[in-house]
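Take a moment to turn the model around on your screen before reading on. Let us walk through it together, one part at a time.

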Amino acid sequence: MAKGMASDHDIDRDFAAWLGPHLPMLRRTARAFAAPRDQHDLLQELTVALWKARPSFREQSAAGTFAHRVAHNAALTWRRSETRRRLRGVSIEAELLIRDS
């Protein structure tokens, strides 16, 4: 490995250390946006969103502010996609009921 390059293990460890203080906020966000059965899935989505966004964190704001903004936007996107998915499911069920009657 070239000097100055972080290993995957170092990157994972650094992210886990950075994420730790924000986990309570992520759990609250998941509870606020998702039904109990979906909260774990949303928590995973929020964590992935932070993983992807973390390299763009420039420390121009507090890490908590950055994490909250990313998590909130990811939760809004998740809610919109869940609503569309559920509406598609309802329309498919309605179509099947009409066709079968």
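The paragraphs below go from the overall layout to the core, the aromatic rings, one helix and one loop residue.

Keep in mind as you look that this is a predicted model. Start with the overall layout: the chain has 4 helices and 0 strands. If you trace the chain from the N terminus, the elements run α-α-α-α. Of the 101 residues in the chain, 27% are buried. On the outside, the chain exposes about 7500 Å², and carbon and sulfur atoms supply 56% of that area. You can also ask which parts of the sequence touch one another. Among contacts between residues at least 6 apart in sequence, 64% join residues at least 24 apart.

Now look inside. In soluble globular proteins, nonpolar side chains tend to be buried together. In this model, the largest nonpolar core has 22 residues, and W18, L26, L42, L46, L50, F66 and V70 touch the most other members. Which helices supply this core? α1 (8-19), α2 (23-33), α3 (39-53) and α4 (63-100) each give at least two residues to it. The largest share, 7 residues, comes from α4. Pick out F66 for a closer look: leaving aside residues up to four places away in sequence, F66 touches W18, A53, R54, S56, F57 and S61.

The aromatic rings deserve a stop of their own. A pair of aromatic rings is described by the distance of the centres and the angle of the planes. The structure holds 5 aromatic pairs. One of them joins F15 and W51, which are edge-to-face, with 4.9 Å from centre to centre and 90° between the planes. This pair links distant parts of the chain, since F15 sits in helix α1 and W51 in helix α3, 36 residues apart. Are these two partners buried or exposed? A residue counts as buried under 20% relative accessible area, so F15, at 10%, is buried. W51, with 38%, is partly exposed.

A second pair to find is that of W18 and F66. The ring centres of W18 and F66 are 6.2 Å apart and their planes stand at 65°, so this pair is edge-to-face. Because W18 lies in helix α1 and F66 in helix α4, the pair ties together parts that are 48 residues apart in sequence. Both W18 and F66 are buried. Step back, and you will see that ring pairs link F15, W18, W51, F57 and F66 into a cluster.

Helix α1 has now come up several times, and a helix can be checked with simple arithmetic. At 1.5 Å a residue, the 12 residues of α1 should span 16 Å, and the end C-alpha atoms of α1 are indeed 16 Å apart, so the two values agree. Where do the buried residues of α1 point? An α-helix has 3.6 residues a turn, so residues three or four places apart point the same way. In α1, the buried residues are F15, W18 and L19. Viewed down the axis of α1, the buried residues fall within an arc of 95°, so they line one face of the helix. The face turned away from the buried side of α1 carries the exposed residues H9 and A17.

Finish in the loop between α3 and α4, where you will find E59. E59 is not a glycine, yet it has a positive phi of about 60°. With a relative accessible area of 64%, E59 is exposed.

How values were computed
Residues are numbered from 1 along each chain as its sequence is written. This is a predicted model: local features need pLDDT of at least 70, side-chain atom pairs count only at pLDDT 80 or more; totals for chains, interfaces and linings use all residues. Side-chain values use heavy atoms; hydrogens and water are left out. Buried means under 20% relative accessible area, exposed over 50%, partly exposed in between (1.4 Å probe, protein chains only). Contact means heavy atoms within 4.5 Å. Accessible areas come from the Shrake-Rupley method with a 1.4 Å probe; for residues, only the protein chains shown count as cover. A nonpolar core is a set of buried Ala, Val, Leu, Ile, Met, Phe, Trp, Tyr and Cys residues joined through side-chain atoms within 4.5 Å. Rings of Phe, Tyr and Trp (its six-membered ring) pair if their centres lie within 6.5 Å; planes under 30 degrees apart count as stacked, over 60 as edge-to-face and the rest as tilted. The expected span of a helix is 1.5 Å times one less than its number of residues. The arc is that of the directions from the helix axis to the C-beta atoms.
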